[in-house]
Structures are given as C-alpha cells and as structure tokens.
Amino acid sequence: MGIKSMKETDFHVSPDTDRQKTNIVLTTVENLVNWGRSNSVWPLTFATSCCGIEMMATGASRHDFARFGVEVYRATPRQADVIIIAGTIVHKMAPVLKRLYDQMAEPKYVIAMGACAISGGPFFYNTYSVIRGADQVIPVDVYIPGCPPRPEALLYGIMQLQRKIQQGNIAAGRIEPVDPEEYPEPPKVY
Amino acid sequence: MDNTNIKEFVARHIPEATFEENKQFLSATVEPSKLHGLLKALKENPETLFDYLFCITGADVQGKLMVIYHLESTTLKHQVVVKTGTPDRENPVFDSITDLFSGAELHENEIFDLFGIIFKGHPNLRRMFMPDDWKGYPLRKDYTDEVNIVELS
C-alpha cells in the first residue's frame, strides 16, 4: 500500500485534528503553517543502540532524508522538532529521555523506531533493566516496526509523520496534549 | 614458560591448587585466601612476570560465586587463568587486587554491582550500572524480579 492510497481521514486521531471544526478564517494560514512545519522536521541527535546506525544511514547520502525536509540533525533539543527514539530505553535512560523531550519546543513529535522503542523488543522477557516501550515515558506519534527497520521504513514513517503534521490545528496547539497523569516524571536515579 | 612450567610454579606456591587445561589456557583454581599471594607471586617473579591483567569475570556456577582472572605477560608472552570461588552467597568476600593491577578497579566494581561480591581493599566499591538504591544483584542465578522479569516456562 503506497502512502498516496491512505486517506486523510485515516489521520484523524483526535477531535482536535478534525478539519471540519477548524475556524474558516484560519484555514489558509493553517495550511501554510502546516506545510512549513511538515517540510522542515529536524530530528534530535539521539540514538541508544543499533537502530541509530540505520538512522545515520537514512541521513547519509544514499537514502538522504533531507529530500523530505528532515534537513539536519540538531545536537540540542531546543532546536529539534522530532525525536527519533532509535534503540533500547533502559530504566537509567528514561529520566534522560523525558528531560530531552521536555526541553524540546512545541510543536514536537516523537517517532518510536524499531522493536525496542515500541515494546522492549527482544528484551521484553527476562531482563531487569529495559523499559517495555518508549511510550511508557513519553507520548509517541509514529511507530516503525523492524529490528532494526530499514532506512526505507524510516522514510515511510517520516512521511506518515508529515501527513499527521499536515492534519494539525494551529489553534489547538499540539495534536495530543500530554497528560501528566499518564506520563509522570520517572524516578531520578542520579 | 609453557603451561607445564607454569603449572609447576603455581603448584610450588599452592600445593592444593587444582588445574584444568583447554586448547588455549591453563587454569588454576585456588582458595580465596590464597589468591592475592598467588597473583603477587605470578606478577613479581622474574620467571613468570605476569604484568598484564586482561580480564576479570564474575560468575555464578552451580551455586558458587566465582571470580576468574586472566593474566598475560607482555614480555614472556604466556597466559594463565586463575579462578577462585566461594559457596557463601550471603557475604562473599575476596581480596581486592587493585594494589597489584590498578586496572582491576572498574572490573571489580562491576562484579560487585552485578554479583554482589565484595572486594576487600577496593578503594571505592559502589553501584556502577544500577541505580544507587537498587536491591539485589541481577546477574546472580537466583535473582528474581516479579515486576520487570517475565519468566518463560
């Protein structure tokens, strides 16, 4: 199934994003803003294991996700728009990930790349140190399965995120506001 | 020195040591109380000159907590493995060898963190990978954690 075969309604994940409820005066401005946001999604330089290698390959010349406006890795969360969780999140890493996410400026997006970031992956059983999915720490917009996913899969995930951003409502702020009860501050270990 | 000579050397120092040999290494198993003296002799004797400790391993083998030292001589080009173990799981204490090989410090720290083996004489024994308030030693065979570990039957 190609990305063009997916209908816009597939991305209506919450009432906030429903185009029908948008203020008519704002729609043109909104289209412009969403066009801009979706075509310059800058990721954070953040990778915790082997998925990071695929992420680097996606950024390098052969696959080159700058073609999609994911122009450059930013080494500070304050300049990044998306955090690609590429790899296993262990209990000691969780507070760090949460802090990085909190430091990013709105609008911010999260891609969970690979089995570890989705569910803990191969470390789901018989381990004392791994968090079973990054979505237990921060909210995730797009999940990309694979172990690790190929660069094409990451590109597809990024295009899905762009579709999701294009559904965004600038008046409503973030697509899904973070509920502090659902994502509490993880315990500090340092 | 070849393995036969090293074996004689170790047996001269510690007559009750037991030996086994595989394709690569000669390994000697000694009591924990004799370990520090043996490693000191192996390091300082001009015949052996084991000046390079290239690995320390912690292990939980058949109820015994073990520490395994791999030694090499950079001048004489020979290797030996020294093993020691204790069945005491409540309070396993070994002598630290950081005074002989300062590179052992982080290895011993890691073994303490994951196996709970205490190294007497270590300058700064602390939790390294696990959080400071972690209970238990996760690489022991009898470690259980109902929250985080899903048992596969």
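**Exercise 1. Work out how much space the second largest pocket holds and which residues line it.**

*Solution.* About 190 Å³ of space lies in the second largest pocket. This is a predicted model, in which local features need pLDDT of at least 70, side-chain atom pairs count only at pLDDT 80 or more, and totals for chains, interfaces and linings use all residues. Side-chain values use heavy atoms, with hydrogens and water left out, residues are numbered from 1 along each chain as its sequence is written, and chains are lettered from A and ligands numbered from 1 in the order in which they are written.

Step 1: get the term straight. On a 1 Å grid over the protein atoms alone, a pocket is an open set of points where a 1.4 Å probe fits, with protein on both sides within 12 Å along at least five of seven lines. Grid points are joined across faces, edges and corners, and the volume is the space filled by probe spheres set on the points.

Step 2: list the lining, meaning residues with an atom within 4 Å of a point. Chain A supplies A:Val90, A:His91, A:Lys92, A:Tyr128 and A:Ser129. From chain B come B:Met128, B:Phe129, B:Met130, B:Pro131 and B:Trp134.

Step 3: sort them. The lining has 7 nonpolar, 2 polar and 1 charged residues. Here Ala, Val, Leu, Ile, Met, Phe, Trp, Tyr, Cys and Pro count as nonpolar, Asp, Glu, Lys and Arg as charged, and the others, Gly among them, as polar.

**Exercise 2. Describe the build of chain B.**

*Solution.* Step 1: chain B has 3 helices and 7 strands. These are DSSP runs, numbered from the N terminus: H or I of at least four residues for helices, E of at least two for strands. Along the sequence the pattern reads α-β-β-α-β-β-β-β-α-β.

Step 2: check the dimensions. The C-alpha atoms of chain B fill a box of roughly 55 × 35 × 25 Å along the principal axes. Buried residues (under 20% relative accessible area with a 1.4 Å probe, protein chains only; exposed is over 50%, partly exposed in between) make up 45% of its 153 residues.

**Exercise 3. Trace what selected salt bridges in chain B tie together.**

*Solution.* Step 1: a salt bridge is a side-chain nitrogen of Lys or Arg within 4 Å of a carboxyl oxygen of Asp or Glu. The count over all chains is 10.

Step 2: take B:Lys83 and B:Glu20, whose closest N and O atoms are 3.8 Å apart. B:Lys83 sits in strand β5 (residues 79-86) and B:Glu20 in strand β1 (residues 18-21), so this pair ties together parts 63 residues apart in sequence. B:Glu20 is partly exposed, at 45% relative accessible area.

Step 3: move to B:Asp95 and B:Lys120, with closest N and O atoms 3.9 Å apart. Strand β6 (residues 93-95) holds B:Asp95 and strand β7 (residues 118-120) holds B:Lys120, so the parts tied together are 25 residues apart in sequence. B:Asp95 is partly exposed at 23%, while B:Lys120 is exposed at 54%.

Step 4: look at B:Asp113 and B:Arg127, at 2.9 Å between the closest N and O atoms. B:Asp113 lies in helix α3 (residues 104-115) and B:Arg127 in the segment after β7, so the pair links parts 14 residues apart in sequence. Both B:Asp113 and B:Arg127 are buried. Elsewhere, salt bridges that share partners join B:Asp60, B:Arg89 and B:Asp142 into one network.
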